[in-house]
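Me: I'd like to learn how to read a protein model by eye, one feature at a time. Can you walk me through this one?

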Amino acid sequence: MAANIPRIVPPFTQATARQKSKAVQALWNTRDPQKVVQGSTPNSVWRNRTHFFSGHKSIIEFLQQKWAREQSYILRKEPFTFRDNKIALQFWYEYQDAQDAMKWKRCYGIEHWTFDPEGILEKRMMSGNDVLIGEDGNGKGRWFEGLNPDEVDGVVIPEGHC
């Protein structure tokens, strides 16, 4: 497991579910597929929107393609429930879409994670929806504008968005 991922093992508590979510948030905000994959088992199964894949090689390829498209990416994750070896959370991230004239977008989504006994991710199921930020994606109204990834937790997510 990556040195910067704290060893947090199931069964999860409210505190450890939050700790695990924030450690993963920090890892994803590096936008480094090699680091992110270290938190997954070698045969980890992922669903991301309509894509299903498994294993480190496929995860790395997916993340490389994701971050080639999603420029200026910044993410926040918030757990809302947990049980035994599972955590469910909501997330928001903002990015400029390299395949759509660099328009600013925000993805709203839900993830369900399942961990092995050592706290390594065995399964990640994600559903998300993208919306333009500002008129024609000009970015006006971005929540995370000008922030470093370690500052996103201080942003109050507006009512109706969480």
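Me: Let's begin with helix 1: how many residues does helix 1 have, and how far does it reach from its first C-alpha to its last?

Reply: Keep in mind that this is a predicted model. For a helix, you set its span against what 1.5 Å a residue would give. Helix 1 covers residues 14–28, so it has 15 residues, and its span of 21 Å is close to the 21 Å expected.

Me: Which residues of helix 1 are buried?

Reply: Buried here means under 20% relative accessible area. In helix 1 that group includes Thr16, Ala17, Val24, Leu27 and Trp28. Lys20 and Lys22 are buried as well.

Me: And how does Ser58 count?

Reply: Ser58 is found in helix 3. Its relative accessibility is 28%, which is why Ser58 counts as partly exposed. If you want a feel for distances, take Ser58 and Thr16: they sit 42 residues apart in sequence and 28 Å apart in space, C-alpha to C-alpha.

Me: Let me zoom out. What does the secondary structure of the whole chain come to?

Reply: Count the elements, then read their order. The protein chain has three helices and six strands. Starting at the N terminus, they run α-α-β-β-α-β-β-β-β.

Me: What radius of gyration does the chain have, and what would a compact globule have?

Reply: You compare the chain with a rule based on its number of residues. With 162 residues, a compact globule would come out near 15 Å, and the protein chain has 15 Å, so the two agree. Along the principal axes, the C-alpha atoms fill a box of roughly 45 × 35 × 25 Å. Of the 162 residues, 48% are buried.

Me: Now the strands. In which sense do strand 3 and strand 4 pair?

Reply: With a strand pair, look at the sense and at the bridges. Strand 3 (residues 70–83) and strand 4 (residues 86–97) pair in the antiparallel sense, over 11 bridges. To find one position across the pair, go to Pro79, which stands opposite Leu89 in strand 4.

Me: What should I look at in the hairpin of strand 3 and strand 4?

Reply: Go to the turn. Two residues lie between the strands, and Asp84 takes a positive phi near 50° there.

Me: Next, empty space. How much of it lies in the largest pocket, and what lines that pocket?

Reply: The general idea is to roll a probe the size of a water molecule over the atoms, which shows where empty space is left. Here the largest pocket holds about 270 Å³. Its lining has 14 residues, with Asn48, Arg49, His51, Phe62 and Lys66 nearest the centre. Strand 2 (51–54), helix 3 (56–69) and strand 4 each give two or more residues to this lining. Helix 3 gives the most, with six. By class, the lining of the largest pocket has four nonpolar, four polar and six charged residues.

Me: How many cavities of 30 Å³ or more are there?

Reply: The count is two. The second largest cavity has a volume of about 40 Å³. Among the residues that line the second largest cavity are Trp28, Lys66, Tyr73, Phe91, Glu111 and Met126. Strand 3, strand 4 and strand 6 (121–132) each give two or more residues to that lining, and strand 3 gives the most, with three.

Me: How do the lining residues of the second largest cavity divide by class?

Reply: That lining has six nonpolar residues, no polar ones and four charged ones. Lys66 is worth finding on screen, as it lines this cavity and also lies among the residues nearest the centre of the largest pocket.

Note on methods. Residues are numbered from 1 along each chain as its sequence is written. This is a predicted model: local features need pLDDT of at least 70, side-chain atom pairs count only at pLDDT 80 or more; totals for chains, interfaces and linings use all residues. Side-chain values use heavy atoms; hydrogens and water are left out. Two strands pair if DSSP finds at least two bridges between them. Helices (H or I, at least four residues) and strands (E, at least two) are DSSP runs, numbered from the N terminus. On a 1 Å grid over the protein atoms alone, a cavity is a set of points where a 1.4 Å probe fits but cannot get out, and a pocket is an open set with protein on both sides within 12 Å along at least five of seven lines; lining residues have an atom within 4 Å of a point. Grid points are joined across faces, edges and corners, and a volume is the space filled by probe spheres set on the points. Ala, Val, Leu, Ile, Met, Phe, Trp, Tyr, Cys and Pro count as nonpolar, Asp, Glu, Lys and Arg as charged, and the others, Gly among them, as polar. Buried means under 20% relative accessible area, exposed over 50%, partly exposed in between (1.4 Å probe, protein chains only). The radius of gyration is taken over C-alpha atoms; the globule rule is 2.2 Å times the number of residues to the power 0.38.
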